[in-house]
Amino acid sequence: EEVSVIEKVASDVGIAFQIRDDILDVTSTLEELGKPIHSDDKNEKTTYVTLKGLKQAEKDVEEISARAIASLPYKNVFLTELIKSLVYREK
């Protein structure tokens, strides 16, 4: 059962990470991100931001990452901070 919970946490973290990546592609600069920006748009890729909009994407990444942290089977400051650093990154 604990493995199943951790797999769900990992899935949520991965989804939140990808949403943040989609957000950064739209909101960052080349200097901040360190890689080409607006590449998804240039490649005509459908992203979470193009489907839901920037405001909803920001809200969803918050909710999904909070759910991941709340779902940890035990309180772990290191894992909590790691998840936050991944999904709230600016680069």
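Is Pro73 buried, partly exposed or exposed? I will begin with that residue, and I should say at once that what we are looking at is a predicted model. Pro73 has a relative accessibility of 36%, and because buried means under 20% and exposed means over 50%, Pro73 counts as partly exposed.

Let me now place that residue in the chain. Pro73 lies in the loop between helix 5 and helix 6, and if we set aside the residues up to four places away in sequence, Pro73 touches Glu2, Val5 and Ile6. Glu2 is 71 residues away from Pro73 along the chain, and yet the C-alpha atoms of the two are separated by 7.1 Å. A similar exercise can be done with Val3, which is 70 residues from Pro73 in sequence and 9.7 Å from it in space, C-alpha to C-alpha. Val3 is found in helix 1, and because its relative accessibility is 59%, it counts as exposed.

Please compare that with Gly53, which sits in the loop between helix 4, residues 48-52, and helix 5. Gly53 and Pro73 are 20 residues apart in sequence, but their C-alpha atoms are 32 Å apart in space. Gly53 itself is partly exposed, with a relative accessible area of 25%.

With those residues in mind, we can turn to the chain as a whole. The secondary structure comes to six helices and zero strands, so if you read the elements from the N terminus on, they run α-α-α-α-α-α. The C-alpha atoms fill a box of roughly 45 × 25 × 20 Å, taken along the principal axes, and of the 91 residues in the chain, 31% count as buried. If we take the contacts between residues at least 6 apart in sequence, 65% of them join residues at least 24 apart.

How do the helices pack against one another? I will start with helix 1, residues 2-27, and helix 5, residues 54-71, which pack at an angle of about 155 degrees with their axes 9 Å apart. Because an angle over 145 degrees counts as roughly antiparallel, that is the description that applies to helix 1 and helix 5. Their crossing is left-handed, and the contact involves a list of residues from both sides, including Val5, Val9, Ala16 and Ile23 of helix 1 and Leu54, Val61, Ile64 and Ala68 of helix 5.

The next pair is helix 5 and helix 6, the latter covering residues 77-87, and here the packing angle is about 165 degrees with the axes 10 Å apart. That makes helix 5 roughly antiparallel to helix 6, and the crossing of helix 5 and helix 6 is right-handed. At this contact, Val61, Ser65 and Ile69 in helix 5 meet Thr80, Ile83, Lys84 and Val87 in helix 6.

The remaining pair I want to show you is helix 1 and helix 6, whose axes come within 8 Å and cross at roughly 30 degrees. Helix 1 and helix 6 are therefore roughly parallel to each other. Here Val9, Val13, Ala16, Phe17 and Arg20 in helix 1 meet Ile83, Leu86 and Val87 in helix 6.

Phe17 deserves a second look, since the charged end of Arg89 sits over its ring, 3.7 Å from the ring centre. A search of the whole structure for aromatic pairs, on the other hand, finds zero.

Finally, let us look at two buried residues. Asp25 is found in helix 1, and because its relative accessibility is 6%, it counts as buried. Leaving aside neighbours within four places in sequence, Asp25 is in contact with Leu33, Pro36, Ile37, His38, Ser39, Asp40 and Asp41. Thr47 has its place in the loop between helix 3, residues 39-42, and helix 4, and with a relative accessible area of 8%, Thr47 is buried. Not counting residues up to four places away in sequence, Thr47 touches Asp22 and Asp40, and Asp40, as you have just heard, is also among the contacts of Asp25. Thr47 and Arg67, by contrast, are 20 residues apart in sequence and 22 Å apart in space, C-alpha to C-alpha.

Note on methods. Residues numbered from 1 in each chain as written. Predicted model: local features only at pLDDT ≥ 70, side-chain atom pairs only at ≥ 80, totals over all residues. Heavy atoms only, no water. Helix = DSSP H or I, 4+ residues; strand = E, 2+ residues; numbered from the N terminus. Buried < 20%, exposed > 50% of the residue type's maximum accessible area, 1.4 Å probe, protein only. Contact = heavy atoms within 4.5 Å. Phe/Tyr/Trp six-rings, centres within 6.5 Å; stacked < 30°, edge-to-face > 60°. Lys NZ or Arg CZ within 6 Å of the ring centre and 35° of its normal. Axes fitted to C-alpha atoms, helices over the stretch in contact; angles between N-to-C directions. Parallel < 35°, antiparallel > 145°, perpendicular 65-115°, else oblique. Left-handed = near helix turned anticlockwise from the far one by under 90°.
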